[in-house]
Amino acid sequence: MNQPPSRAMKMAQYLVGLLLLLTPTLLIWQHFGMTRVLELSPRQPHGARVTDDRYEKGNTVASLVQTRDALVMRCELGMAYQWPFCKLQFLLGEGGKGVDFSQFDTITFDMNYEGPSPRKIRLYLINFEPELSTVDDWNSQRFNQIEFELPAQPTFTIPVNLLRTADWWKDMRKVPLAQTYTRLDNVTAVELSTGGIGRAQVVTMELRSIQFRGKWISKTRLLMYLVYAWIACGIFGLSLSLLHFRSGLLASQSRLELLATINKALELEARELADQAHTDPLTGALNRQGLREALMRRLQTPEHYGEGMAVVFMDLDHFKQINDRHGHNTGDEVLRHFAAIIRREVRASDKLVRWGGEEFLLVCPETHIEHAAMLAEKLRVAMTTQEWPHGLRVTSSFGVTELKPEEDIGAAITRADSALYAAKSNGRNRVEVA
Ligand SMILES: Nc1nc2c(ncn2[C@@H]2O[C@H](COP(=O)(O)OP(=O)(O)OP(=O)(O)O)[C@@H](O)[C@H]2O)c(=O)[nH]1
């Protein structure tokens, strides 16, 4: 039988539905949106400042003017230093803590450059890496660099993946080959510098903005998270199915146990009903149907067939008077008492039958007539010595006979009845043998 889905199973179904909805939504959103922009401009100057090669004993002079729309760096390049430069520097972090640039894909410049050709600039993304860098030594940070000639138009975009670790930095720091990769996960500064220029000149850079663009989360990472979510959902669903299956099994087991208990109770009830059909409810003795079945059973047992069987017919004396004088309930009590005395005095194999009213029959297998007569006499005496309800004195008359070979039990009962009649006629409280 199918169990109705549990709350947990419903939850798993909702979860699958949610994931089915979320997966394409997130992928579409990632493709068209989720855009992250970091801008360097007069509006977001990040501590913009200029430096030049004078600290390297050069004679270049850089100056910065900030207008509403642009950061203007004027650079008078001198040739005193081997690699003269001016830099416009943006600081993004302090104490080795920078900004993660690894999710940025493009860099868009909006700037003007004035100066003789070649119009070269350099861009540095300076990355602090605890295993290489120290806070006190600026040059211990990785210099990711790109140098290029400016296009004619003021606005242009370059991909971030063109940046490489600067050769001069690799040489200066003697970085092992395995660590010469580009790394942008902790950028503490962005620098826009003049490119390699071989003669003294004046350069002006007017920077309106640099925009780094990327996704808050890369497609690969999003796909990975989604796969994890689907796997987790699958495991969850599978565990629930197993639990559901197990509880279903337990439920059908307990249903089977319940059915077995009901079956047993019904069997008992059926047996009780069958017993009632064969028993007199007042005295517990067999009724005529009960006797018939007991005799049939005996006949079906070959080892007992043909052995002697005695029949004793019994009838309480003057029972009507007991009823009349003491009431029907007392009469019932006397009948119950009578049956109890007989049962106490006879063998378990002897069958006590209530023949009707106050008449009882005792069928004694494997008993010859002399023994039956002795038994009847014992019963008669027992009646006289027995304490009866309400101090009554009750006696009974007995007619005894034996089943002849090949004789029908009915004939024997008739004969026993005749003997009983004789006992009654001869004064009651007697045993007569036919
Ligand atoms: N209390 C009670 N009385 C019953 C029951 N069955 C029959 N009787 C009564 O038993 C009485 C039998 O009366 P009789 O047949 O005249 O026999 P008796 O009074 O015993 O007289 P004798 O047999 O000649 O000694 C009747 O009054 C019946 O109503 C019973 O189940 N309970």
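**Note on a predicted model with a ligand**

1. By class, the shell around the ligand consists of seven charged, five polar and four nonpolar residues. The model is a predicted one, and the points below should be read with that in mind. Of the 16 residues around the ligand, the nearest are Asp317, Phe319, Lys320, Gly331 and Gly357. Three elements give two or more residues to this shell: strand 13 (309-316), helix 5 (319-326) and helix 6 (328-345). Helix 6 gives the most, with four residues.

2. Two of these elements, helix 5 and helix 6, also meet each other. Two packed helices are described by the distance between their axes and the angle between them. For helix 5 and helix 6, the axes come within 6 Å and cross at roughly 140°. The pair counts as oblique because of that angle; the class "roughly antiparallel" begins over 145 degrees. On the side of helix 5 the contact is made by Phe319, Ile322, Asn323 and His326, and on the side of helix 6 by His328, Thr330, Gly331 and Val334. These residues divide into five polar, three nonpolar and no charged. Phe319 and Gly331 take part in this contact, and both are also listed among the residues nearest the ligand.

3. Strand 13, another contributor to the ligand shell, belongs to an open sheet of five strands. The order in this sheet is 14-15-13-16-17, and the pairing is mixed. Strand 14 (351-356) and strand 17 (431-433) are the edge strands, each pairing on one side only. From one strand to the next the twist averages 20°.

4. Within that sheet, strand 13 pairs with strand 15 (residues 359-365) in the antiparallel sense, over seven bridges. Phe313 has Leu361 of strand 15 opposite it. Helix 8 (residues 409-425) packs on the sheet and touches strand 13, strand 15, strand 16 (396-402) and strand 17. The direction of helix 8 makes about 145° with that of strand 16.

5. A second open sheet has six strands. Its order is 2-5-11-7-8-10, with antiparallel pairing. Which strands form its edges? They are strand 2 (49-52) and strand 10 (164-165), and each pairs on one side only. Inside this sheet, strand 5 (residues 86-91) and strand 11 (residues 187-194) run antiparallel and are joined by five bridges. Leu88 stands opposite Leu192 of strand 11. For reading such a sheet, it helps to recall that side chains in a regular strand alternate between the two faces of the sheet.

6. Strand 3 (residues 61-66) and strand 4 (residues 71-77) pair in the antiparallel sense over six bridges. A hairpin of four residues joins strand 3 to strand 4. Val61 stands opposite Glu76 in strand 4.

7. The UniProt record, an unreviewed entry, places the feature "transmembrane region" at residues 12-29 and 222-245. How does the model draw these two stretches? Over residues 12-29 the chain is 100% helix and 0% strand, with the end C-alpha atoms 25 Å apart. Residues 222-245 are likewise 100% helix and 0% strand, and there the end C-alpha atoms are 34 Å apart.

8. Helix 1 (residues 7-32) and helix 3 (residues 219-278) have axes that come within 10 Å and cross at roughly 170°. The two helices are therefore roughly antiparallel to each other, since angles over 145 degrees count as such. Residues of helix 1 in the contact include Ala12, Leu15, Leu19 and Leu26, and those of helix 3 include Leu222, Leu226, Trp230 and Phe236. By class, the contact of helix 1 with helix 3 has 15 nonpolar, four polar and one charged residues.

9. Two details of the backbone deserve a look. Most residues other than glycine have a negative phi, and most peptide bonds are trans. Against this, the peptide bond that joins Ser117 and Pro118 is cis, with omega about -10°. Pro118 has its place in the loop between strand 6 (104-114) and strand 7 (120-127). Lys174, a residue other than glycine, has a positive phi, near 50°. Lys174 is found in the loop between helix 2 (167-173) and strand 11.

Notes. Residues are numbered from 1 along each chain as its sequence is written. This is a predicted model: local features need pLDDT of at least 70, side-chain atom pairs count only at pLDDT 80 or more; totals for chains, interfaces and linings use all residues. Two strands pair if DSSP finds at least two bridges between them. A residue is near a molecule or strand if its C-beta atom, placed from the backbone, lies within 6 Å of it. Ala, Val, Leu, Ile, Met, Phe, Trp, Tyr, Cys and Pro count as nonpolar, Asp, Glu, Lys and Arg as charged, and the others, Gly among them, as polar. UniProt positions are given in the numbering used here, feature names are shortened, and annotations may be inferred rather than shown by experiment. Axes are lines fitted to C-alpha atoms, for helices over the stretch in contact, and angles run from 0 to 180 degrees between N-to-C directions. Angles under 35 degrees count as roughly parallel, over 145 as roughly antiparallel, 65 to 115 as roughly perpendicular and the rest as oblique. Two residues are in contact if their C-beta atoms, placed from the backbone, lie within 7 Å.
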